[in-house]
Amino acid sequence: MKISPSTEHALSKVPEVTLVFWIIKILATTLGETGGDAVSMSMDLGYLVGTIIFAAIFLVAVIAQIKAKSFHPFIYWTTIIATTTVGTTLADFADRSLGIGYAGGSTLLFALLMGSLLLWYRTLGSVAVETISSPKAEMFYWVTIMFSQTLGTALGDWTADTAGLGFGGGTIVFSMLLLMVAAAYLWTKISHTILFWLAFVLTRPFGAVVGDFLDKPINEGGLALSRYSASATLLVFIIVCILTFPQRAARKEH
């Protein structure tokens with residue numbers, strides 16, 4: 001049976017990549033940092049317990065996302081937030097509790113991310129967002145996002161701590177890199193799929209250093225804001241953006 005264009009469009013369950021998408025993504029990644037730290041540090045549950053809690057939330061959210069018949073903004077962004085929070089605690093657990101360090105953690109996660117993208121491409125022939133309309137493609141999408149979010153956390157911590165740039169310096173570095181990706185999108189012929197995944201990875205360390213800047217002690221270069229209030233404020237901003245700027249599903253490639 002031939003599927004009509006409108007039906008194909010309805011099958012896409014991820015949002016169209018627009019400016020609003022990136023604004024919400026940055027808010028979500030910053031929330032992932034403050035929310036993950038709130039559970040693992042402020043609640044004193046530790047990185048391992050925090051990872052287990054957020055991994056459970058992530059699994060529930062992913063199942064809901066895959067079972068959904070069409071794109072639902074709140075389900076999608078709940079799943080994204082779940083990946084950022086579990087990415088925060090998982091990266092911290094690997095870097096600090098396991099003692100492999102930021103360099104080791106970043107290298108391992110980069111390899112996992114590249115492996116996920118390669119396997120996805122070899123299996124389905126494309127890693128473009130517009131092609132995500134089947135359960136198999138969605139599984140690859142969310143596994144890849146999980147690795148990218150965790151890698152981003154490690155990169156943010158590595159830049160701010162090991163590289164000695166601090167939260168302000170890290171914010172500037174990742175802002176400049178994101179501007180370069182945006183410029184490449186607008187004025188070069190570099191694959192938009194490659195640029196999308198570059199931007200997706202880079203927004204995570206950007207959010208990580210901004211989140212740390214908000215809640216770390218003043219003597220460490222932060223603002224010492226409450227992790228709970230910062231997380232709640234970011235969550236409110238995300239909800240307002242979703243309600244104020246309606247999003248539509250990405251158009252499938254034909």
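In the predicted model, D37 is in contact with S42, T88, D92, D212, D215, K216 and R227, once its neighbours within four places in sequence are set aside. This aspartate belongs to helix α2. Its relative accessible area is 1%, and D37 is therefore classed as buried, the limit being under 20%.

Helix α2, which carries D37, comprises 24 residues, and its first and last C-alpha atoms lie 33 Å apart, close to the 34 Å expected at 1.5 Å a residue. The helix is mostly covered, with 18 of its 24 residues buried. After α2 comes D44, which has a positive phi near 60°. D44 adopts this positive phi although it is not a glycine, and its place is in the loop that joins α2 to α3 (46–67). In contrast to D37, which is buried at 1%, D44 counts as exposed, with a relative accessibility of 64%.

A second residue of interest in α2 is W22. Apart from residues within four places in sequence, W22 is in contact with V17, F196, A199, F200 and T203. The C-alpha atom of W22 is also separated by 12 Å from that of I242, although these positions lie 220 residues apart in the numbering of the chain.

Aromatic contacts were examined across the whole structure, and 17 aromatic pairs were found. One of them joins W22 and F196 in a tilted arrangement, with 5.6 Å from centre to centre and 50° between the planes. Because W22 lies in helix α2 and F196 in helix α8, this pair ties together parts of the chain that are 174 residues apart in sequence. Both W22 and F196 are buried. The two residues also belong to a cluster linked by ring pairs, whose members are F21, W22, F71, Y76, W77, W120, F140, Y141, W142, F196, W197 and F200.

The open spaces of the model were considered next. The largest pocket has a volume of about 770 Å³. Its lining is made up of 27 residues, and those nearest its centre are V17, T18, W22, Y185 and A199. W22 thus appears both beside the centre of this pocket and in the aromatic pair with F196. Helices α2 (19–42), α7 (166–187) and α8 (192–215) each contribute at least two residues to the lining. Of the elements involved, α7 gives the most, with 7 residues. By class, the lining consists of 18 nonpolar, 5 polar and 4 charged residues.

The second largest pocket encloses about 220 Å³ of space. Its lining is formed by 14 residues, among which M114, L117, I194, W197 and L198 lie nearest the centre. At least two lining residues come from each of α5 (101–124), α6 (135–162) and α8. The largest share, 6 residues, is supplied by α8. The lining of this pocket contains 12 nonpolar and 2 polar residues and no charged ones, whereas 4 charged residues occur in the lining of the largest pocket. Helix α8 supplies at least two residues to the lining of the largest pocket and also contributes to that of the second largest.

Helix α5, a contributor to the second largest pocket, has 24 residues that should span 34 Å at 1.5 Å a residue; its end C-alpha atoms are 34 Å apart, which agrees with the expected value. The buried residues of this helix are Y102, G105, S106, L109, L113, S116, L117 and W120. Of these, L117 is also one of the residues nearest the centre of the second largest pocket, and W120 is a member of the aromatic cluster. Just after α5, G125 takes a positive phi of about 85°.

A further loop position, L165, is found between α6 and α7. With a relative accessibility of 40%, L165 counts as partly exposed, since this value falls between the 20% and 50% limits. Not counting residues up to four places away in sequence, L165 touches T159, A160, G170 and V173.

Conventions. Residues are numbered from 1 along each chain as its sequence is written. This is a predicted model: local features need pLDDT of at least 70, side-chain atom pairs count only at pLDDT 80 or more; totals for chains, interfaces and linings use all residues. Side-chain values use heavy atoms; hydrogens and water are left out. On a 1 Å grid over the protein atoms alone, a cavity is a set of points where a 1.4 Å probe fits but cannot get out, and a pocket is an open set with protein on both sides within 12 Å along at least five of seven lines; lining residues have an atom within 4 Å of a point. Grid points are joined across faces, edges and corners, and a volume is the space filled by probe spheres set on the points. Helices (H or I, at least four residues) and strands (E, at least two) are DSSP runs, numbered from the N terminus. Ala, Val, Leu, Ile, Met, Phe, Trp, Tyr, Cys and Pro count as nonpolar, Asp, Glu, Lys and Arg as charged, and the others, Gly among them, as polar. The expected span of a helix is 1.5 Å times one less than its number of residues. Buried means under 20% relative accessible area, exposed over 50%, partly exposed in between (1.4 Å probe, protein chains only). Contact means heavy atoms within 4.5 Å. Rings of Phe, Tyr and Trp (its six-membered ring) pair if their centres lie within 6.5 Å; planes under 30 degrees apart count as stacked, over 60 as edge-to-face and the rest as tilted.
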